[in-house]
Amino acid sequence: MSEEKCDCTFVHEDIVAKVNEKMPDEETLYDLADFFKVFGDSTRIKILYVLLCSEMCVCDIAQILGMTQSAISHQLRMLRQMDLVRTRRDGKTVYYSLSDGHIFNILSQGMEHIEE
């Protein structure tokens, strides 16, 4: 017997109906998938972890990660588009920080899961 497949063909209509009521629409699920794709790149994860510690400018992030400012800026642009980071300008310097506590929670829960 395969655990991935039922041996019967009975559909539990009540359960199916209840789940269908709660299912988000396709566009929302697509947006959620895009959101999680952002976390699929180790450079972006590193940037987010750096920003967990402190608000920073591109120069500082590049120094910590041993990368070019151009490469960091490219990744930060994507993180901003997905509303994961925000900016604050102080004179000529632009500082980046996590957009809200949700990002902290997502990273913390992900780390907790893989360290179990």
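**Figure 1. A close-up of the cysteines.** The sulfur of cysteine 53 lies 15 Å from the closest cysteine sulfur, which belongs to cysteine 57, and that is too far for a bond. Everything shown here and in the views below comes from a predicted model. Now look at cysteine 59: its sulfur is 4.4 Å from the closest cysteine sulfur, again in cysteine 57, and this too is too far for a bond. A disulfide is a covalent bond between the sulfur atoms of two cysteines. To be counted as one here, the two sulfur atoms must be within 2.5 Å. The structure holds zero disulfides. As for their surroundings, cysteine 53 is exposed, at 69% relative accessibility, while cysteine 59 is partly exposed, with a relative accessible area of 41%.

**Figure 2. Helix α4 and the residues it buries.** Helix α4 spans residues 58-65, and its buried residues are Val58, Ile61 and Ala62. Viewed down the axis of α4, these buried residues fall within an arc of 100 degrees, so they line one face of the helix. An α-helix has 3.6 residues a turn, so residues three or four places apart point the same way. The cover over the buried residues of α4 includes α3 (42-53), β1 (56-57), α5 and β3 (93-98).

**Figure 3. Glycine 66, just past the end of α4.** Here we follow the chain out of the helix: glycine 66 comes just after α4 and takes a positive phi of about 65 degrees. This glycine sits in the loop between α4 and α5. With 65% relative accessibility, glycine 66 counts as exposed. For a sense of scale, tyrosine 49 is 17 residues away from glycine 66 along the chain, and the C-alpha atoms of the two are separated by 15 Å.

**Figure 4. The crossing of α3 and α5.** The axes of these two helices, α3 and α5, come within 10 Å and cross at roughly 80 degrees. That crossing makes α3 roughly perpendicular to α5. On the α3 side, the contact is made by Thr43, Arg44, Ile47, Leu48 and Leu51. Facing them from α5 are Ile72, Gln75, Leu76, Met78 and Leu79.

**Figure 5. Glutamine 75 at close range.** One of the α5 residues in the contact with α3 deserves its own view: Gln75. Its place is in helix α5, which covers residues 69-81. Is glutamine 75 buried or exposed? Glutamine 75 has a relative accessible area of 12% and is therefore buried. Its side chain makes a polar contact with the side chain of arginine 44, at 3.0 Å. Setting aside neighbours within four places in sequence, glutamine 75 is in contact with Asp41, Thr43, Arg44 and Ile47.

**Figure 6. Aspartate 83 and serine 99, two loop residues in contact.** Aspartate 83 is found in the loop between α5 and β2 (85-90). Most residues other than glycine have a negative phi. Aspartate 83, however, has a positive value, with phi near 60 degrees. This aspartate counts as exposed, at 57% relative accessibility. Serine 99 belongs to the loop between β3 and α6 (101-115). What does serine 99 touch, not counting residues up to four places away in sequence? The list is Asp83, Leu84, Val85 and Arg86. Serine 99 is buried, with a relative accessible area of 16%.

Definitions and conventions: Residues numbered from 1 in each chain as written. Predicted model: local features only at pLDDT ≥ 70, side-chain atom pairs only at ≥ 80, totals over all residues. Heavy atoms only, no water. Helix = DSSP H or I, 4+ residues; strand = E, 2+ residues; numbered from the N terminus. Buried < 20%, exposed > 50% of the residue type's maximum accessible area, 1.4 Å probe, protein only. Polar contact = N/O pair within 3.5 Å; in protein donor to acceptor, adjacent residues only side chain to side chain. Contact = heavy atoms within 4.5 Å. Arc of directions from axis to C-beta. Axes fitted to C-alpha atoms, helices over the stretch in contact; angles between N-to-C directions. Parallel < 35°, antiparallel > 145°, perpendicular 65-115°, else oblique.
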